[in-house]
Each structure stands twice: as C-alpha cells, then as structure tokens.
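Here is a short briefing for a first look at this structure. Keep the sequence and the 3D view at hand while reading.

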Amino acid sequence: EEVKKEYIKKGYQPVSAETIDFQAELTTLEKNDPTLRRESDGDPLVKPHSATERLLNVMGGYRWREGNQKITWQIEVPEDGLYKIGIRVKQEWQDGVPSYRRIEIDDKVPFEEMLDYQFNYSTDWNTLELCDANGNPYEFYLMAGTHTLSMTAKFGPMTEIIESINKDILLLSDILLNISLIAGSEPDPNYDYGFFNKIPNMKEDMQWLVDSMQWKYNELKKMSGKLPAMANNFLTIKTQLEAMLRDPFSIAKKVGDLQSSQESLSNWYLELQKSPLVIDYFKVGPVTEKWGNKHSNIFQRLGATIKNFIASFW
C-alpha cells in the first residue's frame, strides 16, 4: 500500500502494451547453484510441447528446494509504466505444504509482500498473478528496456513451525532420557514408576508439547490449501500425550509411542526444510488484461501419453 501511494504520487500509469510471455527455461540469466537446471514436463499445455520429443521446457523443479537457492531471469518491456506479473507454476511436492520465494526486480525486493511470496500445493499447472490475499494483482513499475527478475527459495511462515518442531524434538529427547534413567531401556508396564513425581517438570513439559502440537496443526490449516499429512500426525501425537497425562501409569508401556513421535517429528523437521517449485513461463502485461488459468484435461493428457508411447517405437 505504501509503494502504491508512491506510484500515485509520481503519476505512474498502467501500460497499454500487450502481454509478453517469457519462457523460464530460455530466459534464465544466472543461478547460484549449478545443480539447478532446465527440466522436462510432458503436460500438453506446457510451452513448448512436443508429442514426439522430450523437451527441456521448464525451469526449477525438485532440485530447486533448498533455502537460498536463487534463479535470475531476464525480461524486457516496451514502455514505461505499471505492469502486473504472472507465473505459470506447479508445486506438486510436500503433500499440501506451500513453497515460498523471495521475488526481486533488478536485485531489489519491490515491497514487503515479495519477501516470502506463497505458492500453494497443487498437482496442476496454474497461471498465477502475483496478487494480494483478495486476489488484486500487484502493480510493478518498470521502465522500458531490460530487467532482471529473481526468485530465491525461502521458508516464510514455515520457519516458525520448523523451529517449533526442533524444540519439540529436544524436549522429547529429554523426557525419554529421564524415563530411561529411572526405568531403564525397557520399562516394566506393570510397575508404577511415578514419573511425574520423580522427574521435575515432566508433566508441564508434556502439556507444553500438547499445546505445541495443536498450535502447529492450526498454523498449517491456515496456510495450506490442502491439509498436509503431517498436520494429522501432530494431532495423533497430541492425543497420545493427552492420554499419558490423564493416566501417568500408562507411560511405562507407551514409551514406544514417545519414541515414534520423536522419529516422526525428526522426519518432518527435515522434510519442511525443502521448498520445491517448477516454472513454465512468466507473463508481464497490463493490469486490466484478463489472463485466465487453463488446465490440461484428462483427454489431452491421455492423448499426449499415447503419442509419446507411439513415438518411442520410431
């Protein structure tokens, strides 16, 4: 909103030029990781597409998942003015968890909303306009000529969840260590060890973990279009901990649940530190123009598969 006010104050106007498409695999200027490369996608609406050849027609993909991996593209616009930017993307990894990118124009983040822009999970290709929460496209002032557009892998709001999981793992580790010091590696399920009386703050720590699981579930539900599997895993761990709080005697026979919870959290901790995204092309054009969001249907995909199969015999 602050930048928009500056645009109005300076008298910047929307452009009248036609929309220009920039193929991501052809306009890549530089990347800070040599493992980032052009990839191939067989969707019939990906540009360019061939029924008989395997084309390197997209950029990024699962290789573009580590924090701070950066790709820079070159774009060119014909006149000074306000443009909107669209990106045809797919984020089919991470089972519902969104990916985030810092977006820069000419090596500068144009406004705060571009620090960690969210791309939701989807198994389909989507042409997305960079826009606010209400779907209003952001406006970018570009002077006529050549510009760079950079995208850097970030974790955005997921950072808090990642840090929270790390705290949970450490706390569970302390709880398990204290249990083993009192009951050994294989506690007797028929003996009442009185863990809450013998281990300082154990009850409070387990309640803290219960609250932590619920918080993470709520956060994932807010930020994800499709609820990730890990969200339900958080609820499962929460339920197990609540049962132990109600019946401390059961802790001895449920130590395995605590160990499984720690293992699951460790896996999610590593998994969340990945933010993959694949790009087909960019669109740059006037704010008033309607772009639409086309998806290939099952018949188009089936036709492309059959043609590729036949071509494999040539």
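The side chains of Lys 238 and Glu 242 meet in a salt bridge, with an N to O distance of 3.9 Å. Both residues sit in helix 5 (residues 229-246), and because they are four residues apart there, about one helical turn separates them. The model is predicted. The points below start with charge pairs, then turn to the backbone, the surface and two prolines.

**Salt bridges**

- Side chains of opposite charge can pair when their charged atoms come close.
- The structure holds 16 salt bridges.
- In the pair from helix 5, Lys 238 counts as buried because its relative accessibility is 17%, under the 20% cut-off.
- Its partner Glu 242 has 27% relative accessibility, so Glu 242 counts as partly exposed.
- Another salt bridge joins Asp 41 and Lys 90, whose closest N and O atoms are 3.0 Å apart.
- That pair links distant parts of the chain, with the two positions 49 residues apart in sequence numbering. Asp 41 lies in the loop between strand 3 (38-39) and strand 4 (58-61). Lys 90 belongs to strand 6 (residues 81-91).
- Asp 41 is buried, at 15% relative accessibility. Lys 90 is buried too, with a relative accessible area of 8%.
- Lys 90 also forms a salt bridge with Glu 92, and here the closest N and O atoms are 3.7 Å apart.
- Glu 92 counts as partly exposed, because its relative accessibility is 35%.
- Asp 21, Lys 47 and Lys 283 are linked in a network of salt bridges.

**Backbone features**

- Most residues other than glycine have a negative phi, and most peptide bonds are trans. The next points depart from that pattern.
- The peptide bond from Lys 47 to Pro 48 is cis, and its omega is near -15°. Lys 47 is also a member of the salt-bridge network with Asp 21 and Lys 283.
- Pro 48 is found in the loop between strand 3 and strand 4. Asp 41 lies in that loop as well.
- Asn 68 is not a glycine, yet its phi is positive, at about 75°.
- The place of Asn 68 is the loop between strand 4 and strand 5 (70-77). Asn 68 has a relative accessible area of 44%, so it is partly exposed.
- Asp 107 is not a glycine either, and has a positive phi of about 70°.
- The loop between strand 7 and strand 8 holds Asp 107. Asp 107 counts as exposed because its relative accessible area is 54%, over the 50% cut-off.

**Surface patches**

- Which residues gather in a patch of negative charge on the surface? They are Glu 1, Glu 2, Glu 112, Glu 113 and Asp 116.
- Of these, Asp 116 lies in the loop between strand 7 (99-105) and strand 8 (117-119). Asp 107 is found in that loop too.
- Asp 116 is partly exposed, with a relative accessible area of 34%.
- A nonpolar patch on the surface is formed by Leu 177, Leu 181 and Ile 182. Together they have about 290 Å² of accessible area.
- Leu 177 is found in helix 2. Its relative accessible area is 48%, so Leu 177 is partly exposed.

**Two prolines in loops**

- Pro 189 lies in the loop between helix 2 (158-183) and helix 3 (195-198).
- Is Pro 189 buried or partly exposed? Pro 189 counts as partly exposed, because its relative accessibility is 34%.
- Leaving aside neighbours within four places in sequence, Pro 189 is in contact with Phe 249, Ala 252 and Lys 253.
- Pro 189 and Lys 254 are 65 residues apart in sequence. In space, 8.3 Å separates their C-alpha atoms.
- Pro 200 is found in the loop between helix 3 and helix 4 (202-223).
- Pro 200 is exposed, with a relative accessible area of 65%.
- Pro 200 and Glu 66 are 134 residues apart along the chain, and their C-alpha atoms are separated by 39 Å.

Note on methods:
Residues numbered from 1 in each chain as written. Predicted model: local features only at pLDDT ≥ 70, side-chain atom pairs only at ≥ 80, totals over all residues. Heavy atoms only, no water. Buried < 20%, exposed > 50% of the residue type's maximum accessible area, 1.4 Å probe, protein only. Contact = heavy atoms within 4.5 Å. Patch = residues over 30% accessible without salt bridge, like charges linked within 9 Å, V, L, I, M, F, W, Y side chains within 5 Å. Areas by Shrake-Rupley, 256 points an atom, 1.4 Å probe, with all protein chains shown as cover. Salt bridge = Lys/Arg side-chain N within 4 Å of Asp/Glu carboxyl O. Lys, Arg positive; Asp, Glu negative; His and termini not counted. Charge placed at Lys NZ, Arg CZ, Asp CG, Glu CD.
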